[in-house]
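Me: Could you walk me through this structure, one question at a time?

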Amino acid sequence: MGPESFIILLYILVLASYLGFELINKVPPTLHTPLMSGSNAISGITIVGAIVACDVLDYGSISKWLGMIALVLATINVVGGYAVTDRMLKMFKKK
Amino acid sequence: MNIFIQIAYLVASVLFILGIKMLGKTKTARKGNILSSVGMFIAILATVVQVEMISLTDILICVVIGSAIGLLVAFKVEMTKIPEMVALFNGFGGISSLAVAMADFWLNTQEKSLVVDNITAVSVAVSILIGGITFTGSMVAFLKLNGKISGRAITFKGQHLINLVLLIGAIGLSAVALGDFSNADYMIALAVVSLLLGILVVIPIGGADMPVVISLLNSYSGMAACATGFVLNNNVLIVAGALVGASGIILTQIMCKAMNRSLINVLLGGFGQTATNVDGQEGPQITVKEVGLEEAAQIFDSVSSLIIVPGYGMAVAQAQHAVRELSEICEKKGILVRFAIHPVAGRMPGHMNVLLAESNISYDKLIEMDEINDDFGNTDLVFVVGANDVVNPAAKTNPSSPIFGMPVLNVEKARTVIVSKRSMGKGYAGIENELFGADNCLMLFGDAKQTITKLVGELKEL
């Protein structure tokens, strides 16, 4: 990676972090647990990297196996995270 | 770079942002979560189309296994155990970021014998460091929360020095690894040190501080994904990771504020140990007034406003449903019923709200501390269920109390306070509660679930 692409990525990081702070500051305490488990599911985005890492055609490759382990764990994180968040939010009712 | 794939990643990023925005309102929250999951699905799909056909089976197998486990856990888990589950999933996110960064590094330097540039190598090291700490730290938090290991702060001499040495060692290893890519031993050693560091950093932190720890680890898992984004030069990882990182940091701050502790103070650990020592020589014995069920029911019957203050003890006693019945019968009698929720009432931010929502209590009755604290003065009756430290007036009046300065609910200002409590045991901070000795405070001893169920029975007869 050259300095140019690094700077672009850094821009994305800084702007996205700022946006994150702005958005999350507005979330009321009532929803903090679903917010955390929902954002936890988002942090499973590393699943994208895991899929790429699995794409090696040699079963003798250590990096392929690392990728496959990462893929299973990231999928648990993503699928479980979204499912449990949905389960919780379903319960929030106003009578 | 395939333009369509990049656009798909952009769409995914926007959906994550919109999803989090919608999570901020109770009405739209569920849709927001679904939107964010659609974003994730698009990102996954855009990635899968890039891979070789032959790899597809392997990928599918991994995804099916992961989804099955994830769904099983998500549908089986009890709401009281959500903090454990979040800790566990957090850890999985962290270790997979570590594994992806390591896989990429290994593929390039060991299997393809390429030279990676310094920026990528530093990103790999950061990814391994944060991912490793997130994984083992989350596992320790998980084990502490579900009681497999002691929830007490585990401290030993030279603890902080060891952590410091390990951290310096980790930075040193990263520097050496940068100088010699052909030798992967340094990165492996870095992974080992990071994993060790995660254990040692969380082990001295006591159970009461777990809400802070979970929030912080949540933030770390985002940062680890971010670092992996730099390794893979992938924008969507950076956007998603940054959002989660920010979210975790804000929740950490809120939790620290709610306990009047600095983050450094929490991380240094040991809280809840010194307090018990101080206790031995502490002043006057508190004499409490007990109240019987019948008398308590009569008090409930005579008031026109009631605030219920639930604490984690209520969830431990599984008394949420009994509490809901109590609130319903009181409302039928024309009493204004509200719930006062302290930010650290549960084991993670917002946990108490989920527990009460599960037992079918309308969310507009759950009022946060800052909004309800001025109302205690003109309230007839406060009913405290399984809460202790968060209603201790010593936090306002006694500068020598370990919880002095912590924002607490002003329950003692109400005309009458009834406290449902198993025994005279102490709260998480291990200190006496002056509230229980107050003139307007009555103790209703016994198991919360049984007592409240009986109380509801008495009220029905009145």
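Reply: Happy to, and please keep in mind that this is a predicted model. A good place to begin is a helix that lies across the sheet: H15(B) crosses E1, E2 and E3 of chain B. Its direction relative to E2(B) is about 145°.

Me: Thanks! Is H15(B) largely enclosed or left open by the rest of the structure?

Reply: A residue counts as buried when 20 or more other C-beta atoms lie within 10 Å of its own. The buried residues of H15(B) include His351(B), Asn353(B) and Glu358(B), along with Val354(B) and Leu355(B). In total, 8 of the 8 residues of H15(B) are buried, so the helix is largely enclosed.

Me: Which residue just after H15(B) takes a positive phi, and what is its value?

Reply: Look in the loop that runs from helix H15 (351-358) to strand E3 (366-368) of chain B. The residue there is not a glycine, yet its phi is positive. It has 13 C-beta neighbours inside 10 Å, so it counts as partly exposed. The residue is Asn360(B), with a phi of about 75°.

Me: Where else in chain B does an Asn have a positive phi, and what is the value near?

Reply: Go to the loop between helix H9 (235-258) and helix H10 (263-268) of chain B, where Asn260(B) sits. Asn260(B) has 14 other C-beta atoms within 10 Å, so this residue is partly exposed. The phi of Asn260(B) is near 55°.

Me: Back to the sheet: in what order do its strands come?

Reply: The secondary structure of chain B comprises 18 helices and 6 strands. The sheet is an open one formed by 6 strands, with parallel pairing. Their order is E3-E2-E1-E4-E5-E6.

Me: Which strands stand at the edges of that sheet?

Reply: An edge strand here has a single partner strand, so one of its sides is left without a neighbour in the sheet. Neighbouring strands are turned by 25° against each other on average, ignoring direction. The two at the edges are E3 and strand E6 (441-445) of chain B.

Me: How many bridges join E1 to E4 of chain B?

Reply: Strand E1 covers residues 305-310 and strand E4 covers residues 381-385, and they run parallel. As a landmark, Val309(B) stands opposite Val384(B) in E4(B). The number of bridges joining the two strands is 5.

Me: At what angle does helix H14 run to E1(B)?

Reply: Helix H14 spans residues 320-332 of chain B. This helix lies across E1, strand E2 (336-341) and E4. Its angle to E1(B) is about 170°.

Me: Is Cys330(B) buried or exposed?

Reply: Cys330(B) lies in helix H14 of chain B. Residues it touches, leaving out those up to four places away in sequence, are Phe300(B), Leu306(B), Ile335(B) and Val337(B). There are 22 other C-beta atoms within 10 Å, and the cut-off is 20 or more, so Cys330(B) is buried.

Me: How far apart in space are Cys330(B) and Ser305(B)?

Reply: In sequence, these two residues are 25 residues apart. From C-alpha to C-alpha, the distance in space is 9.3 Å.

Me: And for chain B overall, what share of its residues counts as buried?

Reply: The C-alpha trace of chain B spans about 80 × 50 × 35 Å along its principal axes. Among contacts between residues at least 6 apart in sequence, 79% join residues at least 24 apart. Of the 462 residues of chain B, the share that counts as buried is 52%.

Note on methods. Residues are numbered from 1 along each chain as its sequence is written. Chains are lettered from A and ligands numbered from 1 in the order in which they are written. This is a predicted model: local features need pLDDT of at least 70, side-chain atom pairs count only at pLDDT 80 or more; totals for chains, interfaces and linings use all residues. Helices (H or I, at least four residues) and strands (E, at least two) are DSSP runs, numbered from the N terminus. A residue is buried if 20 or more other C-beta atoms lie within 10 Å of its own, exposed if 12 or fewer, and partly exposed in between; C-beta atoms are placed from the backbone. Two residues are in contact if their C-beta atoms, placed from the backbone, lie within 7 Å. Two strands pair if DSSP finds at least two bridges between them. Axes are lines fitted to C-alpha atoms, for helices over the stretch in contact, and angles run from 0 to 180 degrees between N-to-C directions.
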